[in-house]
Amino acid sequence: MRRPTPQKVVIEFDGGVKTESSFDTLPAPLQLELLRQPFASSPSPAPEQEKFLLLEWDDGWKEVIEVDSTCKGLNRYAVISRPEDVGRLSLHREDGYPELIEIGRKPLGLSRIAFLIDTVDTVQPSVERSVREGKKTDHFYKLTKGGDARSEQIEAFKKAAAAEGIDLKQLRSQDPAELRNHYEKIRRRMGIRAGQRQQDVWDFMAYLAKYAG
């Protein structure tokens, strides 16, 4: 679902002095960092309608990122080396402008990408060609269909819940604090981490719970 759009940031100094700025005038990295903070996060009211990226690496590491509701499919993946490696994952959006996700952790070791909504688009990236220009090398990837990550994660969620002695039917009646405690136990057993902000993980656990229950 589309989340409320931040409008402004207010800073209050000692003595009661305040200053404010329109949120959209802040640098993009600062916007992201602010939205990652717990005070700026709230659980999704309808997690089964959210859209997620599940990223998997060749060393078994997994991260989840909740993406904008206007995203509608995977586009392309590329890595720029100069000399550090930075990945660029592009998603199609309804307005025609791509959604760009930066991959900072081992971009060359990304082994699978899944775009999860009520269906799933799962691909395995592999280098198709590399182009060197001066001290920079661009690696362009082809995306090959790679299984059904959504069904795999739903089954993994069920197994993790059972291993922790958590009744899936009771998850829907838990208070928020207890629910998050259960989700944290399941998340750890599944080995899934937040790619950008912790709330994304809780929403993803709630998303899986809706389909696993």
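Let me begin with one residue, W202, which is buried, with a relative accessible area of 11%. W202 sits in helix α5, and, if we leave aside its neighbours within four places in sequence, W202 is in contact with R180, Y183 and E184. W202 also shows how the fold brings distant positions together, since W202 and P43 are 159 residues apart in sequence and yet 7.4 Å apart in space, C-alpha to C-alpha.

Before going on, I should say that this is a predicted model, and that we therefore have to ask how far we may trust it, bearing in mind that where pLDDT is low, the predicted coordinates should not be read in detail. The protein chain averages a pLDDT of 89, and 97% of the residues score at least 70. Confidence is lowest in helix α1, residues 28–36, where the mean is 75, and highest in β3, at 96.

Two of the contacts of W202, Y183 and E184, lead us to helix α4, because both are listed among the buried residues of that helix, whose cut-off is under 20% relative accessible area. Helix α4 covers residues 176–190, which makes 15 residues, and from its first C-alpha to its last it reaches 21 Å, close to the 21 Å expected at 1.5 Å a residue. Its buried residues are L179, H182, Y183, E184, I186, R187 and M190. What covers the buried residues of α4? The cover includes β4 (62–67), α2 (149–163), α3 (168–171), β11 (192–194) and α5 (198–212). Just after the helix, G191 takes a positive phi of about 75 degrees.

Staying with α4, I would like you to look at E184 again, because the side chains of R188 and E184 meet in a salt bridge of 2.6 Å, N to O. Why are these two residues about one helical turn apart? They are separated in this way because they lie four residues apart in helix α4. As a general point, an α-helix has 3.6 residues a turn, so residues three or four places apart point the same way. The two partners nevertheless have opposite surroundings: R188 counts as exposed, because its relative accessibility is 60%, whereas E184, at 17%, counts as buried.

Let us turn to the interior, where, in soluble globular proteins, nonpolar side chains tend to be buried together. The largest nonpolar core here has 27 residues, and those with the most contacts inside it are F157, Y183, F204 and M205. The elements that give two or more residues to this core are β3 (51–57), β8, α2, α3, α4 and α5, and of these α5 gives the most, with nine residues. Apart from this core lies another, of 19 residues, among them V79, I101, L110 and Y141. To see how one residue is surrounded, take F157, which, leaving aside its neighbours within four places in sequence, is in contact with L168, L171, Y183, I186, M190, M205, L208, A209 and A212.

A contrasting case is R150, which is placed in helix α2. R150 is buried yet has no salt bridge, and the nearest side chain of opposite charge, D148, is 6.0 Å away. Beyond its neighbours within four places in sequence, R150 is in contact with L116, I117, D118, T119, V120, Y207 and Y211.

How many salt bridges does a search of the whole structure find? The search finds 16. One of the pairs is K106 with D59, whose closest N and O atoms are 3.5 Å apart. This pair links distant parts of the chain, with K106 in the loop between β7 and β8, D59 in the loop between β3 and β4, and their positions 47 residues apart. Both partners are partly exposed, K106 at 41% relative accessibility and D59 with a relative accessible area of 40%. Together with D58 and R105, these two residues are linked in a network of salt bridges. Another pair is D138 with K136, whose closest N and O atoms are 3.6 Å apart; here D138 counts as buried at 15%, while K136 counts as partly exposed at 24%.

I will finish with L108, which is found in the loop between β7 (99–103) and β8 (110–116) and which counts as partly exposed, at 41% relative accessibility. L108, leaving aside its neighbours within four places in sequence, is in contact with V79, D85, H139 and Y141.

Conventions:
Residues are numbered from 1 along each chain as its sequence is written. This is a predicted model: local features need pLDDT of at least 70, side-chain atom pairs count only at pLDDT 80 or more; totals for chains, interfaces and linings use all residues. Side-chain values use heavy atoms; hydrogens and water are left out. The expected span of a helix is 1.5 Å times one less than its number of residues. Buried means under 20% relative accessible area, exposed over 50%, partly exposed in between (1.4 Å probe, protein chains only). Contact means heavy atoms within 4.5 Å. Lys and Arg count as positive and Asp and Glu as negative; His and the chain ends are not counted. A salt bridge is a side-chain nitrogen of Lys or Arg within 4 Å of a carboxyl oxygen of Asp or Glu. A nonpolar core is a set of buried Ala, Val, Leu, Ile, Met, Phe, Trp, Tyr and Cys residues joined through side-chain atoms within 4.5 Å. pLDDT is the predictor's confidence in each residue, from 0 to 100.
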